[in-house]
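Hello,

Here is the structure I promised to pass on to you. Have a look at it first, and then read my notes below.

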Amino acid sequence: MAAQPSGGQKPFHIISPLLESLPLSRAAGTKVYMKLENVQPSGSFKIRGIGHLCQEAAKKGCRHFVCSSGGNAGLAAAYAAKKLGLPVTVVVPSTTGPTTVRKLEELGAEVEVSGQVWDDANRRALELAKTEGWVSIHPFDHPLVWQGHTSLVQELKDSLETKPDAILLAVGGGGLLAGVVAGLHQVGWQDIPIVTAETWGAHSFHTALAAGRLVSLPDITSVAKCLGAKMVAARALECAQECQVISQVVEDTEAVRAVEQFLDDERMLVQPACGAALALLYTGRLQRLQHEGRLRTPLASVVVVVCGGSSMQVAQLQALKSQLGLE
């Protein structure tokens with residue numbers, strides 16, 4: 001069963017829409033369903049796992065949450081804290097945009113800026129979490145977070161008449177991947193291949209898979225800051241042993257182009273982290289994997305997790321295009 005907070009407490013996430021996309025299906029040469037996590041209350045899939053972790057921590061007497069985040073996880077923690085009537089401090093790296101900071105503050109979070117990348121912010125969050133009554137809400141590396149994310153797969157099982165031939169998702173720290181793998185085991189779908197997407201410069205999962213061990217990137221150089229963990233969770237590597245996981249890395253330009261194309265095609269603005277997964281469809285990566293024999297031919301259908309766009313604005317898209325020379 002999907003994660004349900006005990007004690008009759010309702011989860012904070014919604015059952016997100018699952019819609020067939022004609023433009024994405026045309027690009028990929030197969031039927032593509034979009035799992036629209038971008039319409040979750042906090043703007044991304046993170047509310048599933050982080051909402052679950054916050055509810056469980058509150059039941060155990062937590063008096064103050066602290067979360068390190070480049071955006072989506074912090075927004076989910078702030079949303080959950082507001083629902084639970086508890087204070088939250090979100091520690092963000094200096095690369096976090098003003099829109100995200102404003103949204104966090106509007107949700108009632110106290111925002112602290114620390115360091116250049118998420119890893120720096122996380123060190124500060126762990127220091128703060130030593131305060132009595134404070135609980136660290138890890139954005140991706142916690143069993144309760146993964147348990148919360150399993151609900152996404154249960155919803156796919158409830159919505160689809162037949163199981164998909166592949167699931168496409170972006171990997172940052174590996175929390176979504178861990179939740180999806182656990183969910184696939186729960187519903188008996190563990191034979192479905194998962195195609196993971198990262199951008200060069202935030203490709204910590206790809207690097208770890210190639211090395212067969214956890215590897216820390218020297219720096220995060222990608223514009224997809226929400227994918228920016230220098231090292232993935234150890235659980236993410238274990239997932240690659242339990243299911244067929246095919247790692248793909250796209251260019252920043254491909255991710256941003258995918259964001260713009262998706263806005264035209266589906267009238268939704270998502271962030272570059274999400275664009276990385278969409279780029280697998282728009283750039284023909286799926287067909288290439290079929291030609292290589294890594295995915296079956298033909299594919300009856302695939303699901304792409306549209307993971308979020310909580311902090312994305314048109315002006316930001318224009319700025320990214322300009323920065324990458326896409327004008």
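Two strands count as paired if DSSP finds at least two bridges between them. Please keep in mind that this is a predicted model.

With that in hand, let me start at strand β7. β7 and β10 pair in the parallel sense, over three bridges. One place to see this is Leu-168, whose bridge partner in β10 is Val-304. β7 is also joined to strand β8 (residues 194–199), by four bridges, and these two strands run parallel. There, Leu-169 stands opposite Thr-196 in β8.

Is β7 enclosed or open to the outside? Five of the five residues of this strand (residues 166–170) are buried, so β7 is largely enclosed by the rest of the structure. Ala-166, Leu-168 and Ala-170 point one way from the strand, Ile-167 and Leu-169 point the other way, and all are buried.

Next comes an open sheet of four strands, in the order β5-β4-β3-β6, with parallel pairing. Its edge strands are β5 (110–113) and β6, each of which pairs on one side only. On average, neighbouring strands of this sheet are turned by 20° against each other, direction ignored. Strand β4 (residues 88–92) is joined to β5 by four bridges, and the two run parallel. If you would like a spot to look at, Val-92 stands opposite Val-113 in β5. Helix α5 lies across β3 (64–68), β4, β5 and β6, and runs at about 160° to β3.

On the edge strand β6 you will find Val-135. With a relative accessibility of 26%, Val-135 counts as partly exposed. Leaving aside residues up to four places away in sequence, Val-135 touches Ala-57, Cys-62, His-64, Phe-65 and Val-66. Met-268, by contrast, is 133 residues from Val-135 in sequence, and 34 Å from it in space, C-alpha to C-alpha.

Now for the aromatic rings. How many aromatic pairs does a search of the whole structure find? It finds two. Phe-12 and Tyr-79 form an edge-to-face pair, with 6.5 Å centre to centre and 80° between the planes. This pair links distant parts of the chain: Phe-12 is in the segment before β1 (18–20) and Tyr-79 is in helix α3 (residues 72–84), 67 residues apart. Phe-12 has a relative accessible area of 12% and is buried, and Tyr-79 counts as buried at 18%.

Trp-118 and Phe-140 form a tilted pair, with 5.1 Å centre to centre and 50° between the planes. This pair, too, links distant parts of the chain, 22 residues apart: Trp-118 is in helix α5 (residues 118–128), while Phe-140 is in the loop between β6 (134–136) and α6 (143–149). Trp-118 counts as buried at 11% relative accessibility, and Phe-140 is buried with a relative accessible area of 6%.

The helix packing is worth a look as well, and α11 takes part in two such contacts that I would like to show you. Two packed helices are described by the angle between their axes and the distance between the axes. α11 and helix α14 (residues 314–323) pack at about 140°, with their axes 10 Å apart. That angle makes α11 oblique to α14. The crossing of α11 past α14 is left-handed. In this contact, Val-256, Val-259, Glu-260 and Leu-263 of α11 meet Leu-317, Leu-320 and Lys-321 of α14.

How are α11 and α12 placed, parallel or perpendicular? They pack at an angle of about 80°, with their axes 7 Å apart, and are therefore roughly perpendicular to each other. Among the α11 residues that meet α12 are Ala-255, Ala-258 and Phe-262, and the α12 residues they face include Gly-275, Leu-278 and Tyr-282.

Finally, here are two backbone details. Arg-267 lies in the loop between α11 (252–266) and α12 (272–282). Its phi is near 60°, a positive value in a residue other than glycine. Arg-267 is exposed, with a relative accessible area of 65%. Elsewhere, a cis peptide bond joins Thr-297 and Pro-298, with omega about -10°. Pro-298 is found in the loop between α13 (285–291) and β10 (301–306).

Enjoy exploring it, and best wishes.

Terms used
Residues numbered from 1 in each chain as written. Predicted model: local features only at pLDDT ≥ 70, side-chain atom pairs only at ≥ 80, totals over all residues. Heavy atoms only, no water. Phe/Tyr/Trp six-rings, centres within 6.5 Å; stacked < 30°, edge-to-face > 60°. Buried < 20%, exposed > 50% of the residue type's maximum accessible area, 1.4 Å probe, protein only. Contact = heavy atoms within 4.5 Å. Axes fitted to C-alpha atoms, helices over the stretch in contact; angles between N-to-C directions. Parallel < 35°, antiparallel > 145°, perpendicular 65-115°, else oblique. Left-handed = near helix turned anticlockwise from the far one by under 90°.
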